[in-house]
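Colleague: I am new to this structure, and I would like to understand how the words used for it are justified. Could we look at it together?

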Amino acid sequence: MKKIIVLLFILTIFSCDSDDNEVIINIDDTAVYKVVFDANWTAQTHPTNYPSNAHFSWMVGVTHNEQNILFAKGLLASAGIESMAETGATAILASEIDVKIVSNKALEYKIGSIIDGDGIDEFTINASVDYPLFSWVSMIAPSPDWFVANSNVSLIIDDEWVDQIELEVALFDAGTDSGIDFTSPDNDTSPKEPVFLIAEPPLGNGLTVSPSVGRIIITKQ
Ligand SMILES: [Ca+2]
């Protein structure tokens, strides 16, 4: 496989002259990862008001280099995140990522399948040394505007492609609908609120969501 040499010139802030330290990193310039979403949202794990048709919408995963490329906690959701979180639809979010790809902030995205609350889904996705971050989202459904995600997962650690990363998924409220239960009628939040971590019932205990509703396992192929 093709190798590249990345030269980093690190200027020490304590140096008054122009001495540079040269660090040579030698890793494959691309890598393929399998991403598995192993969901665990059941009436046993999360009994409060557990809905009859619990599922997760199509997962959208992206490799990128710009931090928080899909959303950021504390900032307003994009139209694509609002649509995904409220309906599961991926088209607007995909078009937003296409813009990021054209502007060299993202490499590619993959869209998965709808799965049951305790289902499993997977896809493979390409990464590169120029696009070493991975983020993904999926709607918690039914819900007003709740979604699961992991953001800015670095696939390169200590100058090496990571063999495997396993993370609990985080749960967010998109701040775009004010419904308080899984099957609440639409109640548009106006003006929108910033995206925030879910802590309150029915999913949370007032502090956090424990256990989480699933894990993401990212494995180098
Ligand atoms: Ca909300």
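Modeller: What follows goes through the terms one by one, and please keep in mind throughout that this is a predicted model.

Colleague: To begin with the overall picture, how many helices and strands does the protein chain have?

Modeller: The protein chain has two helices and 16 strands. Of its 221 residues, 34% count as buried, and residues 24 or more positions apart account for 69% of those contacts in the chain that have a separation of 6 or more.

Colleague: What makes helix 1 and helix 2 roughly parallel or roughly antiparallel to each other?

Modeller: Helix 1, residues 79–87, and helix 2, residues 91–102, pack at an angle of about 150°, with their axes 7 Å apart. Angles over 145 degrees count as roughly antiparallel, and therefore helix 1 and helix 2 are described as roughly antiparallel to each other. The crossing in which helix 1 passes helix 2 is left-handed.

Colleague: Which residues of helix 1 and helix 2 meet?

Modeller: From helix 1 there are Ala79, Gly80, Ile81, Ser83 and Met84, and these meet Ile92, Leu93 and Glu96 of helix 2. Sorted by character, the residues of this contact are five nonpolar, two polar and one charged.

Colleague: Why does Asn68 count as partly exposed, and what is its phi?

Modeller: Asn68 lies in the loop between strand 5 (60–64) and helix 1, and its phi is near 55°, a positive value in a residue other than glycine. A residue is buried with 20 or more other C-beta atoms within 10 Å and exposed with 12 or fewer; Asn68 has 15 C-beta neighbours inside 10 Å, so it counts as partly exposed.

Colleague: And why is Asp158 called exposed?

Modeller: Asp158 has 6 other C-beta atoms within 10 Å, and because the limit for an exposed residue is 12 or fewer, Asp158 is exposed. This residue is found in the loop between strand 11 (156–157) and strand 12 (160–161), and Asp158 has a positive phi of about 55° although it is not a glycine.

Colleague: Why are such phi values, and cis peptide bonds, pointed out at all?

Modeller: They are pointed out because most residues other than glycine have a negative phi, and most peptide bonds are trans.

Colleague: Where are the cis peptide bonds that lead to Pro142 and Pro202?

Modeller: The peptide bond from Ala141 to Pro142 is cis, with omega near -5°, and Pro142 lies in the loop between strand 9 (133–141) and strand 10 (146–154). A cis peptide bond also joins Pro201 and Pro202, with omega about 10°, and Pro202 lies in the loop between strand 15 (196–197) and strand 16 (214–220).

Colleague: What is the strand order of the open sheet of four strands, and what makes strand 8 and strand 13 its edge strands?

Modeller: The order is 8-3-16-13, with antiparallel pairing. Strand 8 (120–128) and strand 13 (164–168) are the edge strands, as each pairs on one side only. On average, neighbouring strands of this sheet are turned by 20° against each other, direction ignored.

Colleague: How do you know that strand 13 pairs with strand 16?

Modeller: Pairing asks for at least two bridges, and five bridges join strand 13 to strand 16, which run antiparallel. Within strand 16, Arg215 stands opposite Glu168.

Colleague: How many bridges join strand 14 to strand 10 and to strand 15?

Modeller: Strand 10 and strand 14 (residues 170–173) run antiparallel and are joined by four bridges, with Val148 opposite Leu171 of strand 14. Strand 14 and strand 15 have two bridges, also in the antiparallel sense, which satisfies the requirement of at least two; here Phe172 stands opposite Leu197 in strand 15.

Definitions and conventions:
Residues are numbered from 1 along each chain as its sequence is written. This is a predicted model: local features need pLDDT of at least 70, side-chain atom pairs count only at pLDDT 80 or more; totals for chains, interfaces and linings use all residues. Axes are lines fitted to C-alpha atoms, for helices over the stretch in contact, and angles run from 0 to 180 degrees between N-to-C directions. Angles under 35 degrees count as roughly parallel, over 145 as roughly antiparallel, 65 to 115 as roughly perpendicular and the rest as oblique. A crossing is left-handed if the near helix is turned anticlockwise from the far one by less than a right angle, and right-handed if clockwise. Two residues are in contact if their C-beta atoms, placed from the backbone, lie within 7 Å. Ala, Val, Leu, Ile, Met, Phe, Trp, Tyr, Cys and Pro count as nonpolar, Asp, Glu, Lys and Arg as charged, and the others, Gly among them, as polar.
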